[in-house]
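Colleague: I am new to this molecule and would ask for a close look at a single part of it, set in the context of the whole chain.

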Amino acid sequence: MLVTGASSGIGRELARELGRRGARLAIAARRGELLEALAEELTAGGAQRPSVHIADLAERGAAARLAAEVQDSLGTVDVLVNNAGGGVGGSQWRVGDRNEGRDAFELNFWSPLALTSALVPGMLERGGGAVVNVTSLAQIGTWPGMGHYSATKAALGVATEALRLELIDSGVQVLEVIPGPVDTAIQGESRLVPGFQAATRRMPMGDAAELARLVVRALERGQPRVVYPRLLGLGYRYPGITRRATIRMARRHVDPSFRSDERVVRSGSFGDEEARQARAEWERTREALARR
Ligand SMILES: NC(=O)c1ccc[n+]([C@@H]2O[C@H](COP(=O)([O-])OP(=O)(O)OC[C@H]3O[C@@H](n4cnc5c(N)ncnc54)[C@H](OP(=O)(O)O)[C@@H]3O)[C@@H](O)[C@H]2O)c1
């Protein structure tokens, strides 16, 4: 099994859950030290030591190289989890087609498709396997300053639907994981998006470990999608209602001065200073809360 984006958040919890169940894992991300620490932790807990792969999936060609490396280490890959993700914040007219926007598509859309292209033929030959694509509820309920990120996730969501149709009755399962707010460092970054915190303050916030358990259960049961937190499943099922509600919230919570905001903020652990600080601040607060 290959889990991308396993160095933190949802991917790390998924790797822990799968490792505990005896999966032979390959884990990938850019922060090698966190991957090594996870490999140690899993091994100490009695799981097989995962193979660790450092890859920057926002770089064209990196996903194909990763697939080849993982196949060298594991032989075959029966479950592909496309979880690594992130993006860029800023208005449509500031981000436009800048590199930050294109890199978000490379990471969130093209890399999952490249891994699919490299690994699904083997699954088909063996008559079984699974592709798990982590998209986002932002594919339906987007927000000012989040257009590029949402577009990458909408693109992956549609590709996932098509993949499921292409693989009907093949023995290869296609599972879309559609998170709403989940308590990871991404929440720190989302505080930088104008009005987003005020608009989402009443929304339920999910837990990455619980989501990981639901994903593994969905894999075991052959389910097509997991929307989490569950309460937000209605928002996915009725996109028209979600979009109307989002317009009302944007009017209420986004100051029109946003339009002259020139910032383009690359997110993630290697992102711009502002994003990295917001992630670190979120993580510090959560650690302090956990110690209480
Ligand atoms: N948390 C939420 O509220 C939420 C909501 C909707 C969707 N999601 C989606 O859930 C997935 C996991 O996010 P998370 O919440 O767990 O946040 P996270 O803690 O920031 O995890 C993101 C993971 O992706 C990896 N990654 C990011 N950029 C990468 C790159 N260029 N190359 C390789 N790996 C990269 C990161 O590892 P490195 O930094 O070490 O490379 C990290 O392991 C993402 O696809 C995200 O879009 C999250």
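How many helices and how many strands does the secondary structure of the chain come to? Within that framework, which residues gather in a patch of positive charge on the surface?

Modeller: This is a predicted model, in which local features need pLDDT of at least 70 and side-chain atom pairs count only at pLDDT 80 or more, while totals for chains, interfaces and linings use all residues. Residues are numbered from 1 along each chain as its sequence is written, and side-chain values use heavy atoms, with hydrogens and water left out.

The secondary structure comes to 12 helices and 9 strands; helices (H or I, at least four residues) and strands (E, at least two) are DSSP runs numbered from the N terminus. The C-alpha trace spans about 55 × 45 × 35 Å along its principal axes. For a chain of 292 residues, a compact globule would have a radius of gyration near 19 Å, and the 18 Å of this chain agrees with that. That radius is taken over C-alpha atoms, and the globule rule is 2.2 Å times the number of residues to the power 0.38. Of the 292 residues, 51% count as buried, where buried means under 20% relative accessible area, exposed over 50%, and partly exposed in between (1.4 Å probe, protein chains only).

The part you ask about is a surface patch of positive charge formed by R201, R202, R244, R248 and R252. A patch is made of residues with over 30% relative accessible area and no salt bridge, like charges being joined within 9 Å and nonpolar side chains (Val, Leu, Ile, Met, Phe, Trp, Tyr) within 5 Å. Lys and Arg count as positive and Asp and Glu as negative, whereas His and the chain ends are not counted. Each charge is placed at NZ of Lys, CZ of Arg, CG of Asp or CD of Glu. Accessible areas come from the Shrake-Rupley method with a 1.4 Å probe, and for residues only the protein chains shown count as cover.

R244 belongs to helix 11, which covers residues 239-253. R244 counts as exposed because its relative accessible area is 52%. Helix 11 also holds I241, which is exposed at 51% relative accessibility. I241 joins L234 and Y238 in a nonpolar surface patch with about 320 Å² of accessible area together. For a sense of distance, the C-alpha atoms of R244 and G96 are separated by 25 Å, although their positions lie 148 residues apart along the chain. G96 sits in the loop between helix 4 (92-95) and helix 5 (99-126) and is partly exposed, at 34%.

Two features of the backbone deserve attention. Y228 and P229 are joined by a cis peptide bond with omega of about -5°; P229 is in the loop between strand 8 (225-228) and helix 10 (233-237). D169 is not a glycine, yet its phi is positive, at about 60°. D169 lies in the loop between helix 6 (147-166) and strand 7 (172-179) and counts as exposed because its relative accessibility is 80%.

Salt bridges complete the picture. Side chains of opposite charge can pair when their charged atoms come close. A salt bridge here is a side-chain nitrogen of Lys or Arg within 4 Å of a carboxyl oxygen of Asp or Glu, and by this rule there are 19.

One of them joins E161 and R225, with the closest N and O atoms 2.9 Å apart. This pair links distant parts of the chain, E161 being in helix 6 and R225 in strand 8, 64 residues apart. E161 is partly exposed, at 30%, and R225 is likewise partly exposed, at 30%.

R49 and E36 also meet in a salt bridge, at 2.9 Å from N to O. R49 is in the loop between helix 2 (32-44) and strand 3 (51-54) and E36 is in helix 2, 13 residues apart. R49 is partly exposed, at 41%, as is E36, at 37%.

Another bridge joins E274 and R263, whose closest N and O atoms are 2.5 Å apart. E274 lies in helix 12 (residues 273-291) and R263 in the loop between helix 11 and strand 9 (265-266), so the pair ties together parts 11 residues apart in sequence. E274 is partly exposed, at 31%, and R263 is partly exposed, at 37%. Finally, E17, R20, R21 and E220 are joined into one network by salt bridges that share partners.
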